[in-house]
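Okay, thanks everyone, let me get the slide up. I'll talk about some helix packing and then a pocket.

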Amino acid sequence: MNNSLENRIVKFDSSKQFKFIRELENVGTGDTNLFLDESVNILFAIKKYSPSAENDVDECYNRFIDEIKILFTLSHENVVRIYNYYLYPSLKTGYIQMEYVDGKTIEKVSPADYDKSWNDYFVNTINAFDYLFDNHILHRDIRPGNFMITNNGILKIIDFGFGKKLSTNNQKNSIVLNWPATVHPEEVILNEEYNYSTEIYYIGELFKHLVKDDSTFLYNDILDKMLEYSPNKRYNNYKEIKQDIR
């Protein structure tokens, strides 16, 4: 008799219990709360699928599953980590168990408080998005609330609820869900197109807002190129930016 478990379905019946601590700021398609796993004494942020409108339940549920798929492929110091998920397809609901990022959104911090500078956080951001680029992932929701700084001064990119994994030939997307920029790039205005170069533009807009008149910021020339209206004059990818940072 072959006792091999290969290709068998193995069922784990052990239940998981968490102690509710408090609500966290809720955005997008999920309500996020802080829980304590008392068995290991670790805090987790657990996000529940919770659509804002009844007429898009299926779309939002599928997007919630897409977020799980995205996060499970990622492992980077500056990207929020996912630990587990719980899906209830018949009820069109589910949960994502994530790393709890204890800190503040990026626009509410002074880098000097962590012995850092905007130069450090800019480089961290470019490295993180280069990692996402290598995994064919667009975040698509570039705004200060999705860039967290932990109490230890570590940058974390959060909330992939509107993220999309693309093939190298699939660059077209009509959805634009970014922190309001003063001017949108050419491809958004003319074609409603959102690609990697578009994301570079909005990251540039974010850091232009953050650094303002900071005379210690070293990469204003790079920001200028990131913010070119025409994609033909803008950076195409993050490796080009990293070359100019050096």
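So, helices α2 and α4 run roughly antiparallel to each other, and that label fits because the axes cross at roughly 165 degrees, where anything over 145 counts as roughly antiparallel. Keep in mind that this is a predicted model. For orientation, α4 is residues 196–211, and its axis comes within 12 Å of the α2 axis. The handedness here is right-handed, for α2 passing α4.

Who's touching whom? On the α2 side you've got Trp-118, Tyr-121, Phe-122, Thr-125, Phe-129 and Phe-133. Facing them from α4 are Tyr-196, Glu-199, Ile-203, Phe-207, Leu-210 and Val-211. Sorted by class, that contact has ten nonpolar residues, one polar and one charged.

Now, the other partner. Helix α2, residues 118–134, also meets α6, residues 238–245, with the axes coming within 9 Å and crossing at roughly 150 degrees. That makes this pair roughly antiparallel too, α2 against α6. And which hand is this crossing, left or right? For α2 and α6, it's left-handed.

The α2 residues in that contact are Phe-122, Val-123, Ile-126, Asn-127, Phe-129, Asp-130, Phe-133 and Asp-134. From α6 we have Tyr-238, Lys-239, Ile-241, Lys-242 and Ile-245. By class, the α2 contact with α6 comes out at eight nonpolar, one polar and four charged.

If you're clicking along, have a look at Phe-122, Phe-129 and Phe-133: they're in the α2 list for α6, and they're in the α2 list for α4 as well.

Okay, on to the pocket. The largest one holds about 570 Å³ of space. It's lined by 25 residues, and the closest to the centre are Leu-24, Glu-25, Gly-145, Met-148 and Ile-158. Which elements give two or more residues to that lining? Those would be β3 (42–49), β5 (93–99) and β6 (103–105), with β6 giving the largest share, three residues.

And for anyone thinking about electrostatics, the pocket lining has eleven charged residues, along with nine nonpolar and five polar.

That's my bit, happy to take questions.

Terms used. Residues are numbered from 1 along each chain as its sequence is written. This is a predicted model: local features need pLDDT of at least 70, side-chain atom pairs count only at pLDDT 80 or more; totals for chains, interfaces and linings use all residues. Side-chain values use heavy atoms; hydrogens and water are left out. On a 1 Å grid over the protein atoms alone, a cavity is a set of points where a 1.4 Å probe fits but cannot get out, and a pocket is an open set with protein on both sides within 12 Å along at least five of seven lines; lining residues have an atom within 4 Å of a point. Grid points are joined across faces, edges and corners, and a volume is the space filled by probe spheres set on the points. Helices (H or I, at least four residues) and strands (E, at least two) are DSSP runs, numbered from the N terminus. Ala, Val, Leu, Ile, Met, Phe, Trp, Tyr, Cys and Pro count as nonpolar, Asp, Glu, Lys and Arg as charged, and the others, Gly among them, as polar. Axes are lines fitted to C-alpha atoms, for helices over the stretch in contact, and angles run from 0 to 180 degrees between N-to-C directions. Angles under 35 degrees count as roughly parallel, over 145 as roughly antiparallel, 65 to 115 as roughly perpendicular and the rest as oblique. A crossing is left-handed if the near helix is turned anticlockwise from the far one by less than a right angle, and right-handed if clockwise. Contact means heavy atoms within 4.5 Å.
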